[in-house]
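Here are a few notes to read alongside the structure, for when you open it for the first time. Take them in order, and keep the sequence at hand.

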Amino acid sequence: MALTIAVDGPAASGKGTISKALAAHFAFAHLDTGLLYRAVGAQLLQGADPLEAARSLRAEDIDADALRNSAVAQAASKVAAIPEVRQALLDFQRAFARRAGGAVLDGRDIGTVICPEAEVKLYVTASDEVRAERRYLELSAKGQDVTPEGVLEDLQARDKRDSERATAPLKAAEDAILLDTSELSIDDAVARCVAAVDAVRNAG
Ligand SMILES: Nc1ncnc2c1ncn2[C@@H]1O[C@H](COP(=O)(O)OP(=O)(O)O)[C@@H](O)[C@H]1O
Ligand SMILES: Nc1ccn([C@@H]2O[C@H](COP(=O)(O)OP(=O)(O)O)[C@@H](O)[C@H]2O)c(=O)n1
């Protein structure tokens with residue numbers, strides 16, 4: 001049974017890790033929608049007009065590794081507050097969600113705006129300190145010049161901007177399953193999500 005799985009949550013909560021694992025487990029396609037906003041944010045940093053950048057974005061041009069740093073993340077959350085930018089990225093995400101073989105999308109507004117009809121919605125959280133520690137370890141392992149305090153500030157500033165914006169703010173859909181991963185290993189978090197998806201598949 002092909003499903004759409006929507007995975008939302010704040011920065012570095014583990015939603016990408018869970019989404020990738022769900023896609024591999026169920027042989028569904030996966031879209032990290034944050035990369036779309038990061039790609040537009042990176043172009044803003046190079047002086048481009050964000051709306052032009054969003055309209056001309058080609059998914060195949062996105063270089064994920066080059067986009068995973070704090071400067072691009074901040075720029076992403078700024079362009080993400082522009083309603084026309086979100087609108088320009090909407091059709092691509094909706095088309096992806098309807099793929100015949102099943103799809104997992106992760107972001108901020110997947111369960112609320114992009115795929116309100118998704119059969120499974122997960123909202124992944126973890127405490128600020130845990131998320132900052134994980135992101136700090138991730139970025140410093142890649143050789144980036146980051147401090148734990150700087151990473152915590154980056155996450156909190158983005159979460160505030162993402163939650164308070166008027167268009168498609170970060171929030172759990174009313175019918176989302178909430179998962180706090182603060183005290184869960186990756187394997188345990190993924191196992192719970194697989195079980196949640198299986199419950200829907202078996203009921204359907
Ligand atoms: N349950 C977990 N326990 C420990 N580390 C985790 C867990 N989930 C994710 N991570 C790690 O935390 C970092 C951020 O996870 P990621 O999935 O990229 O978050 P998000 O997509 O929400 O930004 C990654 O380095 C990832 O390996
Ligand atoms: N569906 C989405 C996905 C990301 N975003 C924005 O893009 C930024 C980067 O998203 P991301 O998912 O790559 O960030 P992390 O959670 O991985 O740190 C977020 O802070 C949001 O501002 C969004 O507004 N809507």
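1. Let's begin with the record. An unreviewed UniProt entry carries the annotation "domain: Cytidylate kinase", and it covers residues 5–47 and 59–197. Bear in mind that what you're looking at is a predicted model.

2. What do those two spans look like? Residues 5–47 are 56% helix and 19% strand, and the C-alpha atoms at the ends of this span sit 35 Å apart. For residues 59–197, the figures are 55% helix and 11% strand, with 27 Å between the end C-alpha atoms.

3. Now for the inside. The largest nonpolar core is made of 26 residues, and Ile5, Val7, Ile18, Leu105, Leu122 and Cys193 have the most contacts within it. Several elements feed into this core with at least two residues each: the strands β1 (4–8), β3 (103–107) and β4 (120–125), plus the helices α1 (15–26), α7 (110–114) and α10 (186–203).

4. Ile18 is a handy place to start tracing that core. Leaving aside residues up to four places away in sequence, Ile18 touches Val7, Val124, Ala189, Val190 and Cys193. There's also a second core, separate from the one above, with 17 residues; Val40, Ala42, Val85 and Leu89 are among them.

5. Which residues are closest to ligand 1? They are Gly14, Gly16, Thr17, Arg134 and Glu138, out of 16 residues that surround the ligand. Two or more residues of this shell come from each of α1, α8 (128–141) and α10. By character, the shell around ligand 1 splits into seven polar, five nonpolar and four charged residues.

6. Have a look at the backbone of Ala12 too. Its phi is positive, near 60 degrees, and Ala12 isn't a glycine. You'll find Ala12 in the loop that runs between β1 and α1. Is Ala12 buried or exposed? Ala12 is buried, because 25 other C-beta atoms lie within 10 Å, and the cut-off for buried is 20 or more.

7. Ala27 is another non-glycine residue with a positive phi, here about 55 degrees. This one belongs to the loop between α1 and β2 (29–32). Ala27 counts as exposed, because it has 9 C-beta neighbours inside 10 Å, and 12 or fewer is the limit for that label. So when you check these two loops, expect Ala12 to be buried and Ala27 to be exposed.

Key. Residues numbered from 1 in each chain as written. Chains lettered and ligands numbered in written order. Predicted model: local features only at pLDDT ≥ 70, side-chain atom pairs only at ≥ 80, totals over all residues. Core = buried A, V, L, I, M, F, W, Y, C linked by C-beta atoms within 7 Å. Helix = DSSP H or I, 4+ residues; strand = E, 2+ residues; numbered from the N terminus. Contact = placed C-beta atoms within 7 Å. Near = placed C-beta within 6 Å. Nonpolar A, V, L, I, M, F, W, Y, C, P; charged D, E, K, R; others polar. UniProt positions renumbered as here; feature names shortened; annotations may be inferred.
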